[in-house]
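This briefing goes through one protein chain by topic. Each group of points can be read on its own beside the structure.

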Amino acid sequence: MFNKVRLLRDLKNDQWVRPFLHYYKKTLWLALTLGVLTFVCGAGLMFDSGYLISKAATHPDNILLIYVPIVLTRAFGIGRPALRYVERLVSHNWVLRMTSAFRKKLYDSLEGDAVFFNSKYQLGDILGLLSEDVSHIQNLYLRTVFPMIVSWSLYVIIVVGIGFLSPLMGLWVLITFGLMIFAIPLWSVIINGARQAVEKKTKNDLYTDLTDNVMGITDWVLAERGQEYVNLHNQHEEQLMKVQHRMHRFEFFRNFVLQMLFILIVVSLLLWAGTYFGGQYGGPANWIAAFVLAAFPLVDAFAGLPDAAQETNIYADSLERLNNLPKPQATPETAVALNGPFTVKVEDVHYTYPQTTREVLSGIDLTITPGQKLAILGRSGSGKSTLAALLRGDRTPTKGQITLNGVATATLGDQVADYVGVINQSPHLFNTTVANNVRIGNENASDEQVWDVLERVGLAEMIKKLPQGLETQVDEAGLRFSGGERHRLSLARILLKDAPIILLDEPTVGLDPVTEQEVLDTFMTQLQGKTLIWITHHLQGVAKMDQVVFIEDGHLAMQGTPAELEVSSARYRHLLAADRGEE
């Protein structure tokens, strides 16, 4: 009950879903009207058929007495499926249009915050947010709001119609159908509401444990705690099954009560029709069949309401979570025109993650000149990846600024991709063709241009040997290709984009030493003349760089050319020897 009240409160103060109700209100009202007319036609078909069958079984005084019901039966018979089909098209079109705009707003909101996911959310929470909440909002309308409004409309029509014929029977229908439409759904929410909240929490815990622990399954195995992980999973799964069993048992009993109430309604209509229409309207049999049969399609409209009402517990959580998301960031209205050559300046940059107090970066100063090759080194957690995110404008410094030809990178938005290309540790390939994956760098590139960049990264010969060449489908996440090949395809995108500055964020992590060296050689050869910023944790290939900086605890601990540091810094020589395996 509390969650249902919370849902009404959240809908009242909602800034995510309610705006779309106004945008598409004409389609919404059309869908609801068609929904009501569908059940009216269904009830009319059964009513007319019942009367027609009974009337045709007797000797009619005039053929016109059954001709009109025959015509109405055909009209209702055609109207019911036709209206149902149109109602489905209109309602689903409305919901899909709404959720399409809704998803865009959701992703725009998350885009500005995406780089903080690892620090603010667990993986299971992120997946749950993106995969469940939008679906919940969609189901809120298709399974709950639409059926409830249609049912309430039919309820008013039935009570008014029968009450017009017989006020006493109208009162009885008001009570019995009211129990079916209001009391039983409310009972379902109260009894199963708490259980559903426990079920949702247990599912989320199970989902979070599964996703996070599978990602770290190697750690469980190496720590010889594999059985502990299995036991933890089984424990959560057993809790979930117990809650679901209780819910299913209640639902079975609730449905039994609902069916008994339906039988009571049918018997009431049977007795009332026989009494009321007994001797004055052509015999009771005609009207008994008509009214009793008309009840069946109407009850179908009411039977799903308890389940629909019960699901409001889920929708309340989704609405609350979505409304707590940040508002979408406004994108720049006009593009900033920057002309090369391009210089990157990092001036007294400090950075602290939201909701934390520890500075990740403290007073970083760098000037990266056009065509320079800069290596940024540091152990894990030193702040080098944070600096990479600041350089490409994904984050805004807490203090200081990072500029590209005098313009803050954080203000460039999506336009930064025209100037800074990124190859990270896990380049993502989409489940489409090789050509489409490469053309992400330039959607208008010709096949000749695609083959040219594939040749430059050393993949052209291999791609040509595939049966479908450029049209070969890449498996989900690029699993069709090896790690080195995925990095080369990522480089092909960058070459096709022809961005002047390339940021390599530990691109060879996870590759074997031979493949790593081959990939590095390809990078250095094909990126000649471009500004190269290489984030790395070890020194293989660093000798080819123009400048090396070492970040430690958020500060620049060392800076200079590889040759200068090898002469002047004992620590650099130690790190170099350790990386070569000489110590």
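Asn-405 is partly exposed in this predicted model, because its relative accessible area of 29% falls between the 20% limit for buried and the 50% limit for exposed. The residue sits in the loop that links β4 to β5. Its phi is positive, about 50°, although Asn-405 is not a glycine.

**The four-stranded sheet**

- The strands on either side of that loop, β4 (residues 399-404) and β5, are antiparallel and paired over two bridges.
- Across this pairing, Thr-403 stands opposite Ala-408 of β5.
- Both strands belong to an open sheet of four strands, ordered β2-β1-β4-β5, in which the pairing is antiparallel.
- The edges of the sheet are β2 (359-368) and β5 (407-408); each has a single partner strand, so one side of each has no neighbour in the sheet.

**The six-stranded sheet**

- Another open sheet has six strands, in the order β6-β7-β8-β3-β9-β10, and its pairing is mixed.
- Its edge strands are β6 (420-424) and β10, each of which pairs on one side only.
- From one strand to the next, the twist averages 15°.
- At one edge, β6 runs parallel to strand β7 (residues 501-505), and five bridges join the two.
- Within that pair, Asn-424 stands opposite Asp-505 of β7.
- At the other end of the strand order, β9 (residues 547-552) and β10 (residues 555-560) are antiparallel, also with five bridges.
- Phe-550 has Met-558 of β10 as its bridge partner.
- β9 and β10 make a hairpin, with two residues between the strands.
- Asp-553 is in the loop of this hairpin, between β9 and β10, and has a positive phi of about 55° although it is not a glycine.

**Annotated transmembrane regions**

- An unreviewed UniProt entry lists residues 28-52, 64-83, 145-165, 171-194, 252-273 and 285-305 under "transmembrane region".
- In the model, residues 171-194 are 100% helix and 0% strand, with 34 Å between the end C-alpha atoms.
- Residues 252-273 are likewise 100% helix and 0% strand, and their end C-alpha atoms lie 32 Å apart.

**Nonpolar cores**

- The largest nonpolar core has 47 residues, of which Trp-94, Leu-154, Met-180, Trp-272 and Phe-302 touch the most other members.
- At least two residues of this core come from each of α3 (25-56), α4 (64-111), α6 (123-165), α7 (167-215), α9 (226-276), α10 (284-303) and α11 (305-310).
- The largest share is that of α6, with ten residues.
- Leaving aside residues up to four places away in sequence, Phe-302 touches Ser-151, Leu-154, Tyr-155, Ile-158, Phe-177, Met-180 and Ile-181.
- A separate core holds 44 residues, including Ala-445, Val-457, Met-558 and Leu-576.
- Met-558 of this second core is thus also the bridge partner of Phe-550 described above.

**Phe-47 and its contacts**

- Phe-47 is located in helix α3.
- Its relative accessibility is 24%, so Phe-47 counts as partly exposed.
- Phe-47 and Leu-293 are separated by 246 residues in sequence, yet their C-alpha atoms are 5.9 Å apart.
- Beyond residues up to four places away in sequence, Phe-47 touches Trp-287, Ala-290, Phe-291 and Ala-294.

**A helix pair**

- Helices α17 (residues 483-497) and α18 (residues 513-526) pack with their axes 10 Å apart, at an angle of about 10°.
- The two helices are therefore roughly parallel, a term that covers angles under 35 degrees.
- On the α17 side, the contact is made by Gly-484, His-487, Arg-488, Leu-491 and Leu-495.
- On the α18 side, Thr-515, Glu-518, Val-519, Thr-522, Phe-523 and Gln-526 take part.

**The chain as a whole**

- The protein chain contains 20 helices and ten strands.
- Of its 583 residues, 46% are buried.
- Among contacts between residues at least 6 apart in sequence, 74% join residues at least 24 apart.

Methods. Residues are numbered from 1 along each chain as its sequence is written. This is a predicted model: local features need pLDDT of at least 70, side-chain atom pairs count only at pLDDT 80 or more; totals for chains, interfaces and linings use all residues. Side-chain values use heavy atoms; hydrogens and water are left out. Two strands pair if DSSP finds at least two bridges between them. UniProt positions are given in the numbering used here, feature names are shortened, and annotations may be inferred rather than shown by experiment. A nonpolar core is a set of buried Ala, Val, Leu, Ile, Met, Phe, Trp, Tyr and Cys residues joined through side-chain atoms within 4.5 Å. Buried means under 20% relative accessible area, exposed over 50%, partly exposed in between (1.4 Å probe, protein chains only). Contact means heavy atoms within 4.5 Å. Axes are lines fitted to C-alpha atoms, for helices over the stretch in contact, and angles run from 0 to 180 degrees between N-to-C directions. Angles under 35 degrees count as roughly parallel, over 145 as roughly antiparallel, 65 to 115 as roughly perpendicular and the rest as oblique.
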